[in-house]
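Please open the model in your viewer, with the cartoon and the side chains ready to be switched on in turn. The tour moves from the overall fold to individual pairs of side chains.

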Amino acid sequence: MSVSPNASLPEDRPAPKLDRAAIEAILASGRRLLVQGGMGIHASDGVSGKVAAHAGARLVGVGTISAVLKTPEQLRAEIRRAKRDAPDGYVGVNIMAAINKADFEMAARVSIDEQVSFIVQGAGISRDIVRWCREGGVPFVGIVSSGRLAAMYEKWGAEWVVAEGAEAGGHIGDIGHPLPSLVEEVCAATSLPVVAAGGVDASDVGRYFAQGASGVQLATRFIASSDGDAHPTFKQVHLGKKEEDVAIITSC
């Protein structure tokens, strides 16, 4: 059997799977997950691999690439860049169900072909992606806005879920359902590992861990990172904002 001369390159190897067993092993070691949420229009490009490369004494980094507005070539290149930045790290892809069917299937196909650590899906519900992930050997993760949805995803075969509150960008939940109560509800409804997301600040992290969350997800905090590909002007817009400039979109 011939071996490719590039077989040892990180981008050519499957990323380690972030499934339920892997998370349980991380928790058993006394650590939790620090997940970088996927941000569209290239806002998280360049950051995902850097976050995934972090493996500290208390937190294990998880990078998430957004598939939004990417061609197959762009998505594949970004996955491979993240793998190079984090040869042993967890690199996943976020895809949205509420886009056209061709792009949705393309993003899933490329991500599975590249054997990412997981696929996380939001912006709607698709049972197809759960099946594709199972057949392709890639862990599926569901974004949930209720305990009921979390229980459904567990039944379908999800490996873990992201409980996304109303302060998350592109949130899918009830504006009157704050994240602490959502995390409590989701943890009670499923035995799957739960990651808390949506407006999470450093001072909130301990609270969610105490509630039983296996990790926290942050996204906006990474926008202005020097590692990211977002335009410098876009980064400055965010850095120049104050607390009173923040608005929560109540309807799409």
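What follows is a walk through a predicted model, taken one selection at a time.

**The barrel**

Begin with the strands in cartoon view, where eight of them form a closed barrel in the order β1-β2-β3-β4-β5-β6-β7-β8, paired in parallel. As you go from one strand to the next, the twist averages 25°. Now select β4 together with β5, residues 140-144, and you will find two parallel strands joined by three bridges. Showing the side chains here lets you place Ile119 opposite Phe140 of β5.

**Helices on the sheet**

Keep β5 in view and add helix α6, residues 147-156, which packs on the sheet and touches β4, β5 and β6 (160-164), its direction making about 165° with that of β5. Next add helix α7, residues 179-189, which lies across β5, β6 and β7 (194-197) and runs at about 155° to β6.

**Where α3 meets α4**

Two packed helices are described by the angle between their axes and the distance between the axes. Select α3 and α4, and look along the pair: their axes come within 10 Å and cross at roughly 35°, and the crossing is right-handed. Which residues meet at this contact? From α3, show Pro72, Leu75, Arg76 and Ile79, and from α4, show Met106, Ala107, Val110, Ser111 and Asp113. Sorted by class, the contact of α3 with α4 comprises six nonpolar residues, one polar residue and two charged residues.

**Salt bridges**

Side chains of opposite charge can pair when their charged atoms come close. How many salt bridges does a search of the whole structure find? The search finds 14, and the next three selections are taken from among them.

Stay with α3 and centre on Arg76, which forms a salt bridge with Glu114, the closest N and O atoms being 2.6 Å apart. This pair links distant parts of the chain, since Arg76 is in helix α3 while Glu114 is in the loop between α4 (101-113) and β4 (118-122), 38 residues apart. With a surface displayed, compare the partners: Arg76 is partly exposed at 26% relative accessibility, whereas Glu114, at 4%, is buried.

Then move along α3 to Arg84, whose side chain meets that of Glu11 in a salt bridge with an N to O distance of 3.7 Å. Because Glu11 lies in the segment before α1 (20-28) and Arg84 in helix α3 (residues 72-85), the pair ties together parts that are 73 residues apart in sequence. Is Glu11 buried or exposed? Its relative accessibility is 13%, which counts as buried because the cut-off for that class is under 20%; Arg84, with a relative accessible area of 44%, is partly exposed.

For the last pair, select Arg131 and Glu135, which form a salt bridge whose closest N and O atoms are 3.8 Å apart. Both residues lie in helix α5 (residues 127-136), four residues apart, or about one turn of the helix. Arg131 is partly exposed at 34% relative accessibility, while Glu135 counts as exposed at 59%. To finish, select Asp12, Arg76, Arg80, Asp113 and Glu114 together, and you will have in view one network joined by salt bridges that share partners.

Notes. Residues numbered from 1 in each chain as written. Predicted model: local features only at pLDDT ≥ 70, side-chain atom pairs only at ≥ 80, totals over all residues. Heavy atoms only, no water. Salt bridge = Lys/Arg side-chain N within 4 Å of Asp/Glu carboxyl O. Buried < 20%, exposed > 50% of the residue type's maximum accessible area, 1.4 Å probe, protein only. Pairing = 2+ DSSP bridges. Axes fitted to C-alpha atoms, helices over the stretch in contact; angles between N-to-C directions. Contact = heavy atoms within 4.5 Å. Left-handed = near helix turned anticlockwise from the far one by under 90°. Nonpolar A, V, L, I, M, F, W, Y, C, P; charged D, E, K, R; others polar.
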